[in-house]
Amino acid sequence: MPPFRDADGAAPIGERVYLYYHFFYPDEVVSARHFGDLAEGLAQRGWQVTVFTSNRYCRRRGAIEKRRERWRGVEIVRLWRPGLDQSRHLSRLINAVWIMAAWLWATWRAGAPRAFLVGTDPQFSQLLFPGLKGLFPRSHLLHWCFDLYPEALLADAPDGALARLAKVVQGVMGWFYRRVDHLVDLGPCMRRRLARYGHGAAVETITPWALVEPEELPRPDAEVRRALFGEARLVLLYSGNLGRAHEFNLFLDLAALLEEGVVMAFGCSGSRVEELRAAMASRKLANVRLLPFAAEAELEGRLAAADIHLLSLRPDWDGVVVPSKFFGSLAVGRPVVYHGSRESAVGIWVEQHALGFVLNPDNVVETANRLNALAHCPEELYGMSRRAFSTYRQAFSKAAMLERWHTIVADGARPSG
């Protein structure tokens with residue numbers, strides 16, 4: 001339903017959408033770019049979008065000076081918050097409470113929108129829900145869950161004082177979720193976790209899209225491939241974050257079973273990189289390489305230079321987060337080896353669409369045999385790449401996801417009854 005526009009071109013209240021996210025343009029952090037795409041996409045479809053954000057960068061010191069600006073048809077309102085250390089739990093919580101209080105004040109001054117759209121940064125952004133609904137109860141409240149708190153705290157450290165506090169918070173979180181009209185998750189596991197809160201909201205799955213979407217299936221650049229992987233017949237690449245939610249040891253077990261000419265490479269950053277480096281030194285696997293982390297300008301070429309991408313997610317994190325690199329792999333037409341649960345969202349999608357392999361301790365030998373066979377069968381590998389590419393275009397592309405967002409916002413804009 002395209003929004004109706006007044007004769008003088010001004011947008012009535014019924015078209016207004018307020019979007020709340022901690023970090024936004026010009027911040028280049030990935031989730032900020034997703035919310036930038038979302039805001040721009042809604043604006044292109046006729047909505048009057050105002051983004052309430054902070055004046056801070058996610059990973060850079062300093063503040064953004066402009067408090068208000070228009071960017072790609074979107075109005076950005078940046079509220080000041082203290083520059084406390086985001087890596088410490090207490091200071092991060094103070095930052096979160098501060099910016100949410102500032103957003104509520106600014107929202108009250110701005111007046112009622114048709115819809116609120118709240119992301120999951122800052123953590124515990126659910127605290128906004130009763131405040132927003134209390135200010136403007138007829139406005140439609142939508143929540144896009146990128147990750148779940150306090151579930152992430154429990155997955156990261158299931159014991160100790162912080163875990164006990166997280167369980168207390170978990171016990172009251174249902175009251176906040178019951179303020180939401182439309183709850184948007186990243187897949188079936190996250191939806192099951194959210195359902196335990198008895199929220200009663202309408203539900204939808206909308207996944208984060210790849211930041212780079214080639215129009216055609218990209219072919220490897222021969223020079224890049226040779227520089228990174230030599231004369232390998234088959235290349236498996238892990239690219240991106242390697243943190244506490246991820247595993248790598250089973251990948252090394254797999255590498256030990258791969259034949260000569262099949263190379264496994266890691267180009268990653270994160271808290272577990274030193275563990276990976278130590279494990280590689282200990283096991284002395286000749287076909288495993290650690291690459292420098294790629295700058296964004298080099299990333300597309302590197303991703304396309306590999307044949308198959310590696311992904312992982314520890315089972316405790318199922319439904320808490322979804323590895324967004326999965327969508328980047330499909331966008332460049334690369335099948336995946338996913339080390340994770342078959343019941344997780346990515347595990348389900350890999351098997352449902354035949355997008356590669358789900359690796360677990362029981363099928364390492366079988367997976368190695370299939371990869372060794374693929375190294376001698378380029379036609380089959382090309383078919384897998386075509387399938388990954390077309391699946392992304394049909395099921396996970398930015399255009400498809402933004403259209404679904406438009407539909408959800410428009411549905412909420414329709415008068416009830």
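Colleague: Quick one to start: in which sense do strand 3 and strand 4 pair, and over how many bridges?

Modeller: This is a predicted model, and in it strand 3 (residues 68-71) pairs with strand 4 in the antiparallel sense, over four bridges. Within that pairing, W71 stands opposite V74 of strand 4.

Colleague: What happens at R72 in that hairpin?

Modeller: The hairpin has two residues between strand 3 and strand 4, and R72 takes a positive phi near 50 degrees there.

Colleague: And strand 4 itself, is it mostly covered or open?

Modeller: Mostly covered: strand 4 spans residues 74-79, and five of its six residues are buried. Strand 4 is also joined to strand 2 (residues 48-54) by five bridges, and those two run parallel. One facing pair to look for there is T53 opposite R78 of strand 4.

Colleague: Changing topic. Which way do the residues of strand 7 point?

Modeller: H182 and V184 point one way, while L183 and D185 point the other way, and all of them are buried. In a regular strand the side chains alternate between the two faces of the sheet.

Colleague: Which residues stand opposite L183 on its neighbours?

Modeller: On strand 6, L183 has H143 as its bridge partner; in strand 8, V203 stands opposite L183. Strand 6 (residues 140-144) is joined to strand 7 by three bridges, running parallel. Strand 7 and strand 8 (residues 202-205) also run parallel, joined by four bridges.

Colleague: How does the chain get from strand 7 to strand 8?

Modeller: It crosses through helix 6 (residues 188-195), and this β-α-β crossover is right-handed.

Colleague: Okay, on to the sheet further along. What is the strand order there?

Modeller: Six strands make an open sheet with parallel pairing, in the order 11-10-9-12-13-14.

Colleague: Why is one side of strand 11 and of strand 14 left without a neighbour in that sheet?

Modeller: Strand 11 (288-290) and strand 14 (356-359) stand at the edges and have a single partner strand each, so one side of each has no neighbour in the sheet. On average, neighbouring strands of this sheet are turned by 20 degrees against each other, direction ignored.

Colleague: Which strand pairs with strand 14, then?

Modeller: Strand 13 (residues 336-339) does, in the parallel sense and over four bridges. V337 has F357 as its bridge partner in strand 14.

Colleague: Which helices lie across strand 10 and strand 11?

Modeller: Helix 7 (residues 222-229) lies across strand 9, strand 10 and strand 11, at about 85 degrees to strand 9. Helix 9 (residues 273-283) lies across strand 10 and strand 11, running at about 140 degrees to strand 11.

Colleague: Now the inside. How many residues are in the largest nonpolar core?

Modeller: That core has 89 residues, and among those with the most contacts inside it are Y20, L38, W144 and W405. Leaving out residues up to four places away in sequence, L38 touches L19, L117, W144, W209, L402 and W405. Apart from this core lies another one of 32 residues, including L236, Y238, L250 and V364.

Colleague: Last thing: where does pLDDT stay under 50?

Modeller: Over residues 1-11, for which the model has 18 contacts beyond four places in sequence. Where pLDDT is low, the predicted coordinates should not be read in detail. For the protein chain, the mean pLDDT is 91, and 95% of its residues reach 70 or more.

Terms used
Residues are numbered from 1 along each chain as its sequence is written. This is a predicted model: local features need pLDDT of at least 70, side-chain atom pairs count only at pLDDT 80 or more; totals for chains, interfaces and linings use all residues. Side-chain values use heavy atoms; hydrogens and water are left out. Two strands pair if DSSP finds at least two bridges between them. Axes are lines fitted to C-alpha atoms, for helices over the stretch in contact, and angles run from 0 to 180 degrees between N-to-C directions. Contact means heavy atoms within 4.5 Å. A nonpolar core is a set of buried Ala, Val, Leu, Ile, Met, Phe, Trp, Tyr and Cys residues joined through side-chain atoms within 4.5 Å. Buried means under 20% relative accessible area, exposed over 50%, partly exposed in between (1.4 Å probe, protein chains only). A crossover is right-handed if, with the strands pointing away from the viewer, the path from the first strand over the helix to the second runs clockwise. pLDDT is the predictor's confidence in each residue, from 0 to 100.
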